[in-house]
Amino acid sequence: MKITQTITRGKRRQKTIELQIKKLRRVALILLCIGFCTACGNVGTNQAEPVMGTTAPLQKDTEETVSQTETAAVQKEETSKTMQEIYEEIIETVEQPEMVTLNDNYIANYYGIDLSLLEDYLFASAEDVIYADMIVLMKVKEESSAQTMKDSLDTMVTQKKLELENYLPEQFQIVEKSEVVVTGSYVYLVISEKAEEIQGVIAPYFN
């Protein structure tokens, strides 16, 4: 009888052990599945990264386009300034001797400038005759007229040299260094010791 009970108990323990083993296998299988799913999820995330990367250049291009548009708008606003407004900026920025703005009759008769060819213009000269300083800003109606205006200003510079050469040699040297500049529809002349500074103010509006 005792032997039979012992055998029965042994079989029960064996079954219990087998059940535990089955449970452990199931747990192991579940853990394996979870690990596999996690790995799959990571792979999906890694694949998404290049897509995010490809959007960066697009965003950069968009920002550059906006920046270029804004710059163009600023340049357009700058070039819309009148010759009078540009001249006022020059006076505010660069110290000059006392200057006077020349009227139309003087410009046309003394310098022989055909004002009908100009859309906008300003002629300013030193009030005191001991100074050769002069600022001329012009915008022609037709770009083909720019060379005609340059020739007129070159003649004006030559005349000024003749007036100063034997009387005010220092001022003559200032005129000697001056140059008539043509850029598109704009023509300008600066006669001044601070010509480079003045041209630095003018250039952004005439490009």
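Is Ser125 buried or exposed? In this predicted model, Ser125 has a relative accessibility of 11%, and because buried means under 20%, the residue counts as buried. The paragraphs below begin with the chain as a whole, return to this serine and its neighbour in sequence, and then turn to two pairs of helices.

The protein chain contains 6 helices and 5 strands, and, read along the sequence, these elements follow the pattern α-α-β-α-β-β-α-α-β-β-α. Of its 207 residues, 26% count as buried, a group to which Ser125 belongs. Among the contacts in the chain with a separation of 6 or more, 58% are accounted for by residues 24 or more positions apart. The accessible surface of the protein chain comes to about 14,500 Å², and carbon and sulfur atoms contribute 54% of that area.

Ser125 lies in strand E2, which covers residues 118–126. If residues up to four places away in sequence are set aside, Ser125 touches Glu98, Met99, Val100 and Leu102, and also Asp133 and Met134. Ala126 is likewise found in strand E2, and with a relative accessibility of 10% this alanine counts as buried. Under the condition that residues up to four places away in sequence are not counted, Ala126 touches Pro97, Glu98, Met99, Tyr131 and Asp133. Glu98 thus appears among the contacts of Ser125 and among those of Ala126. The C-alpha atoms of Ala126 and Glu98 are separated by 5.8 Å, although the two residues stand 28 residues apart along the chain.

The first helix pair to consider is formed by helix H2, residues 83–93, and helix H6, residues 195–206, whose axes come within 9 Å and cross at roughly 150°. Since angles over 145 degrees count as roughly antiparallel, H2 and H6 are roughly antiparallel to each other. Their crossing is right-handed. On the H2 side the contact is made by Met83, Ile86, Glu89, Ile90 and Thr93, and on the H6 side by Ile198, Val201, Ile202, Tyr205 and Phe206. Sorted by character, the residues of this contact between H2 and H6 divide into 8 nonpolar, 1 polar and 1 charged.

A second pair is formed by helix H4, residues 146–164, and helix H5, which pack at an angle of about 165° with their axes 9 Å apart. That angle makes H4 roughly antiparallel to H5, and H4 passes H5 in a left-handed crossing. In this contact, Val157, Lys160, Lys161 and Leu164 of H4 meet Pro169, Gln171, Phe172, Val175 and Glu176 of H5. The residues involved divide into 5 nonpolar, 1 polar and 3 charged.

Helix H5, which spans residues 169–176, also holds Gln173. How does the accessibility of this glutamine place it, given that partly exposed residues lie between the cut-offs of 20% and 50%? At 41% relative accessibility, Gln173 counts as partly exposed, whereas Ser125 and Ala126 in strand E2 count as buried. The C-alpha atom of Gln173 is separated by 8.6 Å from that of Lys161, a residue 12 positions away along the chain, and Lys161 is one of the H4 residues that take part in the contact with H5.

Definitions and conventions. Residues numbered from 1 in each chain as written. Predicted model: local features only at pLDDT ≥ 70, side-chain atom pairs only at ≥ 80, totals over all residues. Heavy atoms only, no water. Helix = DSSP H or I, 4+ residues; strand = E, 2+ residues; numbered from the N terminus. Buried < 20%, exposed > 50% of the residue type's maximum accessible area, 1.4 Å probe, protein only. Axes fitted to C-alpha atoms, helices over the stretch in contact; angles between N-to-C directions. Parallel < 35°, antiparallel > 145°, perpendicular 65-115°, else oblique. Left-handed = near helix turned anticlockwise from the far one by under 90°. Contact = heavy atoms within 4.5 Å. Nonpolar A, V, L, I, M, F, W, Y, C, P; charged D, E, K, R; others polar. Areas by Shrake-Rupley, 256 points an atom, 1.4 Å probe, with all protein chains shown as cover.
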